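Work through the following exercises with the sequence and the 3D view open beside you. Try each task before you read its solution.

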Amino acid sequence: MKAALIGTGKTGSKVQEALELEQNALFNTSRIPTVDALRAYDVAFVFVPGDAFLEMIPTLMSAQIAVVSGATGATIPDAVKTQILHGSRPWLIAQNFSPAMQMIQQALQWIGDHPEWLEESEFSLHEVHHQQKKDAPSGTAKLWVEWMTSREVTVTSHREGDVLGDHELRISTPLERITLRHEALDRSLFAQGAIQAAHWLLKPDRVPGLYSMKDVFERE
């Protein structure tokens, strides 16, 4: 796998370390990626803020390169999604690359699909991240709420220190409390998940389109 890395921050540097990428494969605000430069690679890992990622999409599409994006706070316009779906290479965009998130997704979707379960209940979700994180609530928190569809969930956010990501869902009833919590302990978790996603994208039979981490684990 010949990989380029766009965004050499805390998570991107873990990808660089794991893949032992050389300097000429690294791009950031000091070395802006260009179409010609990216065409030398099979896949681009993109770990930049959401607004920067949106600005970068035309360059990535013109380079005809597979993309694994962990850009935070990015809402992809429908028109752009359509372009990616009809592009020449597969893309994968994820808010969280942890394999455990797929298990959590299954559980939360079951809760959302069974509104008769615990009818007299209150749902609250609290997420904690590092002080430099700009979006609140986090993309992962938004996904948790989305996965529960029919449930009304109160979401709160807190920023402190260098917390990588701590999400806790509490379901309270008059007789019991149920807690589901996921805490990331090392950014290598996200780097390993992104690398796994890249290998999956680059399989010879992978058709162009827009994928998620759910596809990686369900379409093996």
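**Exercise 1: a helix and its surroundings**

How many residues does H3 have, and how far does it reach from its first C-alpha to its last? Then find where this helix bends and what covers its buried side.

*Solution.* Keep in mind throughout that the model is a predicted one. Begin with the length: H3 has 14 residues, and the reach from its first C-alpha to its last is 20 Å, which is close to the 20 Å expected at 1.5 Å a residue. Next, follow the helix along its course, where you meet a kink of about 45° at Met 56, shortly before the proline Pro 58. As a third step, mark the buried residues of H3, which are Gly 50, Phe 53, Met 56, Ile 57, Leu 60 and Ala 63. An α-helix has 3.6 residues a turn, so residues three or four places apart point the same way. Finally, look at what lies over these buried residues of H3: the cover includes strand E1 (3-6), helix H2 (35-38), strand E3 (43-46), E4, helix H4 (78-85) and strand E5 (90-93).

**Exercise 2: the nonpolar cores**

Which residues have the most contacts inside the largest nonpolar core, and how many residues does that core have?

*Solution.* The largest nonpolar core has 48 residues, and those with the most contacts inside it are Phe 45, Phe 53 and Leu 60. The largest share of this core, 8 residues, is supplied by helix H7 (residues 188-201). Apart from it lies another core, of 14 residues, which includes Leu 108, Trp 144, Trp 147 and Ile 171. Now take Phe 45 as an example and leave aside its neighbours within four places in sequence: among the residues in contact with Phe 45 are Met 1, Leu 5, Val 15, Val 68, Ala 194 and Ala 198. In soluble globular proteins, nonpolar side chains tend to be buried together.

**Exercise 3: a buried strand residue**

Is Leu 125 buried or exposed? Find also what Leu 125 touches.

*Solution.* First place the residue, since Leu 125 is found in strand E6. Its relative accessible area is 1%, which is under the 20% cut-off, so Leu 125 counts as buried. Then look for residues that are distant in sequence: Leu 169 lies 44 residues away along the chain, and yet the C-alpha atoms of Leu 125 and Leu 169 are separated by 4.4 Å. If residues up to four places away in sequence are not counted, Leu 125 touches Leu 169 and several others, including Ala 141, Trp 144, Val 153 and Glu 168.

**Exercise 4: unusual backbone geometry**

Where in the chain does Gln 64 lie, and what is its phi? Compare this residue with Glu 20, and then locate a cis peptide bond.

*Solution.* Start from a general expectation: most residues other than glycine have a negative phi, and most peptide bonds are trans. Gln 64 lies in the loop between helix H3 (50-63) and strand E4 (66-69), and just after H3 it takes a positive phi of about 55°. Gln 64 is partly exposed, with a relative accessible area of 48%. Glu 20 has a phi near 55°, again a positive value in a residue other than glycine, and its place is the loop between helix H1 (10-19) and strand E2 (26-27). At a relative accessible area of 68%, Glu 20 is exposed. Lastly, a cis peptide bond, with omega about 0°, joins Ala 136 and Pro 137, and Pro 137 belongs to the loop between strand E6 (122-129) and helix H6 (139-147).

**Exercise 5: rings and charges**

How many aromatic pairs does a search of the whole structure find? Describe two of them, and look for charged groups over rings.

*Solution.* The search finds 5 aromatic pairs. In one of them, the rings of Trp 110 and Trp 117 have centres 5.7 Å apart and planes at 75°, so this pair is edge-to-face. Trp 110 is partly exposed at 42% relative accessibility, and Trp 117 is partly exposed at 28%. Another edge-to-face pair is formed by Trp 200 and Tyr 211, at 5.0 Å centre to centre and with 80° between the planes. Because Trp 200 lies in helix H7 and Tyr 211 in strand E10 (residues 209-211), the pair ties together parts that are 11 residues apart in sequence. Both Trp 200 and Tyr 211 are buried. The charged end of Arg 206 sits over the ring of Trp 200, 3.6 Å from its centre, while Lys 2 lies over the face of Tyr 41, at 5.7 Å from the ring centre.

Terms used. Residues are numbered from 1 along each chain as its sequence is written. This is a predicted model: local features need pLDDT of at least 70, side-chain atom pairs count only at pLDDT 80 or more; totals for chains, interfaces and linings use all residues. Side-chain values use heavy atoms; hydrogens and water are left out. A nonpolar core is a set of buried Ala, Val, Leu, Ile, Met, Phe, Trp, Tyr and Cys residues joined through side-chain atoms within 4.5 Å. Buried means under 20% relative accessible area, exposed over 50%, partly exposed in between (1.4 Å probe, protein chains only). Helices (H or I, at least four residues) and strands (E, at least two) are DSSP runs, numbered from the N terminus. Contact means heavy atoms within 4.5 Å. Rings of Phe, Tyr and Trp (its six-membered ring) pair if their centres lie within 6.5 Å; planes under 30 degrees apart count as stacked, over 60 as edge-to-face and the rest as tilted. A charge sits over a ring if NZ of Lys or CZ of Arg is within 6 Å of the ring centre and within 35 degrees of the ring normal. The expected span of a helix is 1.5 Å times one less than its number of residues. The bend at a residue is the angle between axes fitted to the seven residues ending there and the seven starting there.
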